[in-house]
Amino acid sequence: MYLKDSLNFIKNLTPRRVWNAIKIVSSFYVTRWTKKPVQWGKPMTVSFEPTTACNLRCPECPSGLRAFTRPTGNLKEDFFRKSIDELAKDLIYLIFYFQGEPYINPSFLDMVKYASDRGIYTITSTNAHFLNDENARKTIESGLNRLIISVDGTTQEVYEQYRKEGSLDNVLMGARNMVKWKKKMNASTPHIIFQFLVVKPNEHQIPEIYKLAEEIGVDEVKLKTAQIYDYENGNPLIPEQEKYSRYIKGKDGKYSLKHVLINHCWKLWHSCVITWDGLVVPCCFDKDAEHTLGDLKNNSFQEVWHSEPYVDFRTKLLKGRDQIDICTNCTEGCEVWK
């Protein structure tokens with residue numbers, strides 16, 4: 001975090017939120033010591049899915065591939081308000097994305113403002129094709145704390161190799177709109193990040209993305225490794241520079257995850273994901289909601305968070321993450337390099 005971003009985060013902390021975080025951390029370590037799932041407190045981070053719709057067709061994204069088996073749709077504002085009211089006093093981070101492009105939901109920025117007004121640090125990630133002048137201004141007004149813009153190439157030719165049907169010119173114009181309105185309104189938020197998903201077609205442009213970010217005036221650049229679904233026999237998206245890849249090539253020519261899975265995961269104690277239609281799933285790797293742990297249309301979050309399905313999933317995780325499909329392509333909760 002940069003200084004202004006850190007201060008914006010700290011100012012939202014309350015004694016209740018800090019105490020809740022202490023309870024979560026304590027229960028996580030008690031779980032590790034006892035090898036039994038103990039859960040105190042409510043999550044301090046929640047991801048809400050504004051929509052499953054997307055204007056792009058990125059090759060490793062279920063939304064881009066139109067490959068969901070679950071229903072598609074937009075998060076309803078009244079449902080969001082009801083859910084966030086239950087969580088707001090304990091919640092520190094609200095991550096406003098999962099699958100899809102958030103700005104497609106017409107109520108998206110109204111919901112951001114609702115959360116921001118309750119002192120919750122809000123984050124979203126966008127492909128920036130909808131950051132026209134009006135939406136840029138409204139984003140500043142919403143109180144959004146952090147805006148992640150996906151810029152996976154510095155030329156259209158390279159950018160569109162992953163961001164299928166996308167326009168780099170639109171992305172950069174959206175970023176410029178945000179920087180312009182942030183200065184015009186003398187606003188400290190959002191902290192604007194260029195996120196560069198490193199894949200083989202664009203890895204040679206890494207130095208250029210830093211120059212582009214400085215030229216436009218965004219606050220930060222983050223390099224992100226790509227999750228590849230079909231990686232074992234190699235994939236044209238796996239970078240040649242190993243430090244930018246989640247995968248390593250073995251002597252037999254097969255690829256595997258760089259890290260060794262360990263049988264605990266911080267995410268299952270401090271966070272969760274809520275789909276647009278109210279399903280609670282363990283984390284962002286369950287993109288098709290195959291491991292639904294509860295439904296907020298039928299139960300309160302408190303009931304879901306301590307429900308039998310949640311306890312069973314945490315227990316299963318402690319016994320063997322390599323037996324859980326969504327964990328096998330995950331770099332969270334890994335600590336040993338191969």
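The largest pocket of this predicted model holds about 1,400 Å³ of space. Its lining is made up of 48 residues, and those closest to the pocket centre are Tyr97, Phe98, Gln195, Lys224 and Cys284. Sorted by class, the lining has 23 nonpolar, 15 polar and 10 charged residues.

Several elements of secondary structure reach this pocket. The strands β1 (45-48), β2 (93-95), β3 (121-126), β4 (146-150), β5 (191-198), β6 (220-225) and β10 (271-274) each supply at least two residues of the lining, as does helix α9 (267-270). Strand β6 gives the most to the lining, namely four residues.

The strands that contribute to the pocket can be placed in a sheet. This is an open sheet of nine strands with mixed pairing, and its order is β6-β5-β4-β3-β2-β1-β10-β11-β12. The edge strands are β6 and β12 (294-295), each of which pairs on one side only. Strand β6 is thus met twice, as an edge strand of the sheet and as the element that gives the most to the pocket lining. Strands of a sheet pair through backbone hydrogen bonds, in either a parallel or an antiparallel sense.

Strand β1 shows the pairing residue by residue. On one side, β1 pairs with β2 in the parallel sense over three bridges. On the other side of β1 in the sheet order stands β10, and these two strands pair in the parallel sense over four bridges. Val46 of β1 takes part in both pairings: leucine 94 stands opposite in β2, and cysteine 272 is the bridge partner in β10. Phe48 stands opposite isoleucine 274, again in β10. Both faces of β1 are covered, with Thr45 and Ser47 buried on one side and Val46 and Phe48 buried on the other.

Salt bridges are a further set of contacts, and the structure holds 15 of them. One of these joins the side chains of arginine 118 and aspartate 85, with an N to O distance of 3.8 Å. This pair links distant parts of the chain: arginine 118 lies in the loop between α4 (108-116) and β3, aspartate 85 lies in helix α3 (residues 77-87), and the two are 33 residues apart. Arginine 118 counts as partly exposed because its relative accessibility is 34%, and aspartate 85 is also partly exposed, at 43%.

A second salt bridge stays within one helix. Glutamate 141 and arginine 137 have their closest N and O atoms 3.1 Å apart. Both residues lie in helix α5 (residues 133-142), four residues apart, which is about one turn of the helix. Glutamate 141 is partly exposed, with a relative accessible area of 41%, and arginine 137 is partly exposed as well, with 25%.

A third salt bridge joins arginine 163 to aspartate 152, and here the closest N and O atoms are 2.5 Å apart. Arginine 163 lies in the loop between α6 (156-162) and α7 (168-184), and aspartate 152 lies in the loop between β4 and α6, so the pair ties together parts that are 11 residues apart in sequence. Are these two residues buried or exposed? Residues under 20% relative accessible area count as buried. Arginine 163 is therefore buried, with 13%, and aspartate 152 is buried too, with 1%.

Methods:
Residues are numbered from 1 along each chain as its sequence is written. This is a predicted model: local features need pLDDT of at least 70, side-chain atom pairs count only at pLDDT 80 or more; totals for chains, interfaces and linings use all residues. Side-chain values use heavy atoms; hydrogens and water are left out. On a 1 Å grid over the protein atoms alone, a cavity is a set of points where a 1.4 Å probe fits but cannot get out, and a pocket is an open set with protein on both sides within 12 Å along at least five of seven lines; lining residues have an atom within 4 Å of a point. Grid points are joined across faces, edges and corners, and a volume is the space filled by probe spheres set on the points. Ala, Val, Leu, Ile, Met, Phe, Trp, Tyr, Cys and Pro count as nonpolar, Asp, Glu, Lys and Arg as charged, and the others, Gly among them, as polar. Buried means under 20% relative accessible area, exposed over 50%, partly exposed in between (1.4 Å probe, protein chains only). Two strands pair if DSSP finds at least two bridges between them. A salt bridge is a side-chain nitrogen of Lys or Arg within 4 Å of a carboxyl oxygen of Asp or Glu.
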